[in-house]
Amino acid sequence: MIKTVEIYTDGACSGNPGKGGWCAILLYGGKEKVLAGGEAETTNNRMEVYAAIAGLSALKEKCNVNLYSDSAYLVNAIEQHWLDNWKRNAWRTADNKPVKNQDLWQQLSELRVRHNVTFIKVKGHADNEYNNRCDKAARAEIAKIE
């Protein structure tokens, strides 16, 4: 039987580009695992996508995953099939420009093949406990960067 895991993610940036942080909270069987990190020079969008990659990479076996994010960039790229189109168009956008963050999108694409992932958009900075915790942890990671 395939396990169903809930993953909440968020990314944050101080300056864009600037110092960035990310967090993923994995929930399964009444337990939770918190992953977080940061980069000295990055963008908010990179941190949002990286948080999803980190959460999915932590899974040791094929899972059904509900991945929650407040990032329209991340969720729309999947749900509106931007990622599929970018791959089909040799990593070019609809207006024939190179896809930003291609390295991360390629990693995420590989992880989507390993798992059954549903991306779910949540309202940021609202009443979602886990999204708020992810935001707080991502911002704490920024504070650690000198």
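**Packing around helix 2 and the nonpolar cores**

The elements covering the buried residues of helix 2 include strand 1, helix 1, strand 4, helix 3, helix 4 and strand 5, where helices (H or I, at least four residues) and strands (E, at least two) are DSSP runs numbered from the N terminus. The model is predicted, with local features requiring pLDDT of at least 70 and side-chain atom pairs counted only at pLDDT 80 or more, while totals for chains, interfaces and linings use all residues. Residues are numbered from 1 along each chain as its sequence is written, and side-chain values use heavy atoms, with hydrogens and water left out.

In helix 2, the buried residues (under 20% relative accessible area with a 1.4 Å probe, protein chains only) are Tyr73, Leu74, Val75, Ala77 and Ile78. His81, which follows helix 2, has a positive phi near 65 degrees.

Two packed helices are described by the angle between their axes and the distance between the axes. The axes, lines fitted to C-alpha atoms over the stretch in contact, with angles running from 0 to 180 degrees between N-to-C directions, come within 13 Å for helix 2 (residues 72–79) and helix 4 (residues 102–114) and cross at roughly 55 degrees. Helix 2 is therefore oblique to helix 4, a class holding the angles that are not under 35 degrees (roughly parallel), over 145 (roughly antiparallel) or 65 to 115 (roughly perpendicular). The contact (heavy atoms within 4.5 Å) is made by Tyr73, Leu74, Ala77 and Ile78 of helix 2 and by Trp105, Leu108 and Arg112 of helix 4.

For helix 1 and helix 4, the axes come within 10 Å and cross at roughly 30 degrees, which means that helix 1 is roughly parallel to helix 4. Arg46, Val49, Tyr50, Ala52, Ile53, Leu56 and Ser57 of helix 1 make this contact with Asp103, Leu104, Trp105, Gln107, Leu108 and Leu111 of helix 4.

The largest nonpolar core, a core being a set of buried Ala, Val, Leu, Ile, Met, Phe, Trp, Tyr and Cys residues joined through side-chain atoms within 4.5 Å, has 32 residues, of which Ile7, Leu56, Leu67, Trp105 and Leu108 touch the most other members. The elements giving two or more residues to this core are strand 1 (3–15), strand 2 (18–28), helix 1 (44–57), strand 4 (63–69), helix 2, helix 3 (82–88), helix 4 and strand 5 (116–121), and helix 1 provides the largest share, 7 residues. Apart from this core lies another, of 9 residues, among them Ile25, Leu27, Val122 and Cys134.

Terms used:
Buried means under 20% relative accessible area, exposed over 50%, partly exposed in between (1.4 Å probe, protein chains only).
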